[in-house]
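Please open the model in your viewer and keep the sequence panel visible. The stops below are arranged so that each selection leads to the next.

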Amino acid sequence: MLDTLLKKRDLPTLRPRGEMLDILHREIYGYVRATWDTPVFTVKENIVPNFCAGKATLNKVTVTCRTAGREFSFPFYETLIYDGKHHPFFVHINFRDSVPDRYMPTEELVDNGFSVLSFCHNDVTRDNNDFTDGLAGILYNGSRRPDDAGKIAMWSWAASRIMDHAETRGDMLDLDCATVCGHSRLGKAALLAAADDERFAYAYSNDSGCSGAALSRGKSGENIKDICSRFPYWFCENYYKYAEHEDELPCDQHFLLAAIAPRRVLIGSAADDAWADPPSEFLSALAASPVFSRGLECPDCLPKAGDFLPRGDIGYHLRAGRHYFSREDWQRLIEFIRIHGGVK
Ligand code: GTR
């Protein structure tokens, strides 16, 4: 049955990783093109004393990036467990800069042995059509080429700068167990970050839907026309021509998932999130599955609410309920990483 459903989508065949990344950047997300100096990190330590009952320290870090004599900075927050061990960690592309946050139960993550480095997407460049602030202001002097980065590619680029900083924390962080994650539009950005940057051993997108994990061909709910008319600035301009012409795309979203292999990726969906279209998210994982060493555990039919398929290097879970980044989603992610040996 699943084979038949997949065949109906008539998907382009997967290609070598480099080619898939090129297509994804050229046609959908755009390229961040500048050549950068090594970023500079300024750390303000322990901004909330006794954070997480004294198990972790919360630092505010400012990242300063320079290119061609211009510079911009953005802040992020690092919650580091300090007990002399190396801890797995999340790089969380978040909607807000609060720690903890309703999308990020920091104390629970720390209790589960994870450190967390999180930034607010708006602090990198604002979530709107204005390309003059933050990173966008540095990249563009009022003009963008059709394959220049939209905002999703910029948020994803910022996740890699957090990873640059993590590499200076090798005494506390397990650099072999970095997970980039995000919800919805920021789940799209998390997948792109993992596809591009091999330092991320795990990726998690929650409810990332259209132009994220979900296949565009045959998708219900939101489609390319919808997303490009409401949020054109998330993408490069080349993407707009595929509105109502999904079949002409030289890729589909399974390229994005496949470009993460041989590393691991978990796709989270919510059963009532028809706009994201869980079956299209699941079928995308299934279509990407052959390039992973251990493919998706394949059920006989489409998953139902509560199903969790964690054993492949590409995993999938379908939570009951609506579009939201819930504690249950975080728990699934933690279980996935544990099952794959990421928590020592
Ligand atoms: C929706 C958008 C989705 C999803 C979501 C979000 O309105 O259409 O693709 O990304 O926003 O980011 O909250």
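The tour begins with the ligand and then moves through selected residues and elements of the chain.

This is a predicted model, in which local features need pLDDT of at least 70 and side-chain atom pairs count only at pLDDT 80 or more, while totals for chains, interfaces and linings use all residues. Residues are numbered from 1 along each chain as its sequence is written, and side-chain values use heavy atoms, with hydrogens and water left out.

**Stop 1: the ligand**

Select the ligand and display the residues around it, that is, those with a heavy atom within 4 Å of it. They are Ser184, Arg185, Lys188, Glu222, Ile227, Arg230, Phe231, Trp234, Trp275 and His323. Which side chains place a polar atom beside an oxygen atom of the ligand? Glu222 does so at 2.3 Å, Lys188 has a side-chain N or O atom at 2.8 Å, and Trp275 has a polar side-chain atom at 3.1 Å. The protein buries 86% of the 310 Å² that the ligand exposes when taken alone (areas by the Shrake-Rupley method with a 1.4 Å probe; for residues, only the protein chains shown count as cover).

Helix 7 (185-196) and helix 8 (224-230) are the elements that give two or more residues to this shell. Helices here are DSSP runs of H or I with at least four residues, strands are runs of E with at least two, and both are numbered from the N terminus.

**Stop 2: Glu222**

Keep the ligand displayed and centre on Glu222, in the loop between strand 7 (202-206) and helix 8. Is Glu222 buried or exposed? Its relative accessible area is 6%, so Glu222 is buried (buried means under 20% relative accessible area, exposed over 50%, partly exposed in between, with a 1.4 Å probe and protein chains only). Not counting residues up to four places away in sequence, Glu222 touches Cys210, Ile227, Arg230, Phe231 and Trp275 (contact means heavy atoms within 4.5 Å). Add Ala274 to the selection: the C-alpha atoms of Glu222 and Ala274 are separated by 8.4 Å, although these residues are 52 apart along the chain.

**Stop 3: Asp207 and Ala243**

Next select Asp207, which is also in the loop between strand 7 and helix 8. Asp207 is buried, at 2% relative accessible area, and its phi is near 50 degrees, a positive value in a residue other than glycine. Most residues other than glycine have a negative phi.

Move to Ala243, in the loop between helix 8 and helix 9. With 19% relative accessibility, Ala243 counts as buried. Beyond its neighbours within four places in sequence, Ala243 is in contact with Ile224 and Lys225. Its C-alpha atom is 7.7 Å from that of Asn223, 20 residues away along the chain.

**Stop 4: His317**

Select His317 in strand 10 (residues 314-319). This residue is buried, with a relative accessible area of 1%. Which side chain forms a polar contact with that of His317? It is Tyr204, at 2.8 Å (a polar contact is a pair of N or O atoms within 3.5 Å; within protein, one must be able to donate a hydrogen and the other to accept it, and residues adjacent in sequence count only if both atoms are side-chain atoms). Outside the four places on either side in sequence, the contacts of His317 include Asn206, Leu266, Asp307, Asp329 and Arg332.

**Stop 5: helix 10**

Now select helix 10 (residues 278-288). Because 10 of its 11 residues are buried, helix 10 is largely enclosed by the rest of the structure. Its cover includes helix 1 (2-9), helix 9 (254-258), strand 8 (264-270), strand 9 (308-309) and strand 10.

**Stop 6: two cis peptide bonds**

Most peptide bonds are trans. Select Val99 and Pro100: the bond between them is cis, with omega near -10 degrees. Pro100 lies in the loop between strand 4 (87-94) and helix 3 (106-111). Then select Ala261 and Pro262, joined by a cis bond with omega near 5 degrees. Pro262 is in the loop between helix 9 and strand 8.

**Stop 7: Asn46**

Finish at Asn46, in the loop between strand 1 (40-44) and strand 2 (56-67). Asn46 has a positive phi of about 50 degrees although it is not a glycine, and it is partly exposed, with a relative accessible area of 40%.
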